[in-house]
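Biologist: I'd like to learn how to read a model like this one. Can you walk me through it, feature by feature?

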Amino acid sequence: DLDGTLLDTAPNLGGALNALRAEYTMSALPADMIRPVVSHGAPALLKIGFGIAPNDSRYGSIRNRLLELYAQRITQETGYFPGIESLLQELERRRQPWGVVTNKPSHLTDPLLRAFGLYERAACVVSGDTTPRRKPNPDQLLYACDLCEIGPEQSLYFGDAQRDVQAARAAGMRALVALYGYIEASEQPSTWEADALIEHPAKLLDWLDEYVDA
């Protein structure tokens, strides 16, 4: 997954939301209110920022403006989660391919990954508009497997949302949860039926070593 697993985009997305609120002469929301919902995308951000849902008549225009503001500052305040750079380097050293599957649209995914030099390193990049259906549907993950020429039974998906686990299960993959990501206090990852709950990216390597050696 991208947001909340690979890159810490919450400060940037939160900044875009607060910039949009400012355009409506609304005060800024605190970061700790925005951060837990970032993995749920624009619908969650607009719910806490404006109290609107996708069926609201204003939703489309406000969403478009939010994404426009985000695109203008897409690399600002965004960075790696601690341990991610070392994780990717070790996977590449082992010649174990890794890729990105995200519900983020490609016009935002691609420039973000290119800015961090990740687009060229990834074995695949599958965005929210790459396939007709997005996570929790398995289509994106199965397409990623096709691109990498690796079967789902030989793959795992690492994300910070329940839909990530659901998509992996539906695709026939192992599913791991990034506990360091954007998880709301009301959510219970232990009930998502993942193969493991990972507190730090380095622990993914420990799990992988154990699984591969098993």
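**Starting with a helix**

Modeller: Sure. Keep in mind that this is a predicted model. Let's start with α1, where A10, N12, L13, G14, G15, A16, L17, N18, L20 and R21 are buried.

Biologist: How many of the residues of α1 are buried?

Modeller: Ten of its 14 residues, which makes the helix mostly covered. As a general idea, an α-helix has 3.6 residues a turn, so residues three or four places apart point the same way.

Biologist: What do the buried residues of α1 pack against?

Modeller: They pack against β1 (7-8), α2 (31-34), α3 and α4. As for its length, α1 covers residues 10-23 and reaches 20 Å from first C-alpha to last, close to the 20 Å expected at 1.5 Å a residue.

Biologist: On to the backbone. Which angles should catch my eye?

Modeller: Most residues other than glycine have a negative phi, and most peptide bonds are trans. Here T25, which follows α1, has a positive phi, near 55°. E77 has a positive phi near 65°, and E193 also has a positive phi near 65°.

Biologist: Where are E77 and E193?

Modeller: E77 is in the loop between α4 and β2 (79-80), while E193 is in the loop between β6 (174-178) and β7 (196-198).

Biologist: Are they buried or exposed?

Modeller: E77 has a relative accessible area of 51%, so it counts as exposed. E193 is exposed as well, at 62%.

Biologist: And which residues does a cis peptide bond join?

Modeller: K135 and P136, with omega about 15°. P136 lies in the loop between β4 (125-126) and α7.

Biologist: Now the pockets. How do I read those?

Modeller: Rolling a probe the size of a water molecule over the atoms shows where empty space is left. In this model, the largest pocket holds about 810 Å³ of space. It is lined by 32 residues, and the closest to its centre are P97, W98, G99, S155 and L156.

Biologist: Which element gives the most to that lining?

Modeller: α9 does, with five residues. By class, the lining of the largest pocket has 24 nonpolar, five polar and three charged residues.

Biologist: How much space lies in the second largest pocket?

Modeller: About 420 Å³. Of its 22 lining residues, H40, G41, A42, N103 and K104 are the closest to the centre. Two or more lining residues come from each of α3 (41-50) and α4 (59-72). The lining of this second largest pocket divides into ten nonpolar, five polar and seven charged residues.

Methods
Residues are numbered from 1 along each chain as its sequence is written. This is a predicted model: local features need pLDDT of at least 70, side-chain atom pairs count only at pLDDT 80 or more; totals for chains, interfaces and linings use all residues. Side-chain values use heavy atoms; hydrogens and water are left out. On a 1 Å grid over the protein atoms alone, a cavity is a set of points where a 1.4 Å probe fits but cannot get out, and a pocket is an open set with protein on both sides within 12 Å along at least five of seven lines; lining residues have an atom within 4 Å of a point. Grid points are joined across faces, edges and corners, and a volume is the space filled by probe spheres set on the points. Helices (H or I, at least four residues) and strands (E, at least two) are DSSP runs, numbered from the N terminus. Ala, Val, Leu, Ile, Met, Phe, Trp, Tyr, Cys and Pro count as nonpolar, Asp, Glu, Lys and Arg as charged, and the others, Gly among them, as polar. The expected span of a helix is 1.5 Å times one less than its number of residues. Buried means under 20% relative accessible area, exposed over 50%, partly exposed in between (1.4 Å probe, protein chains only). Contact means heavy atoms within 4.5 Å.
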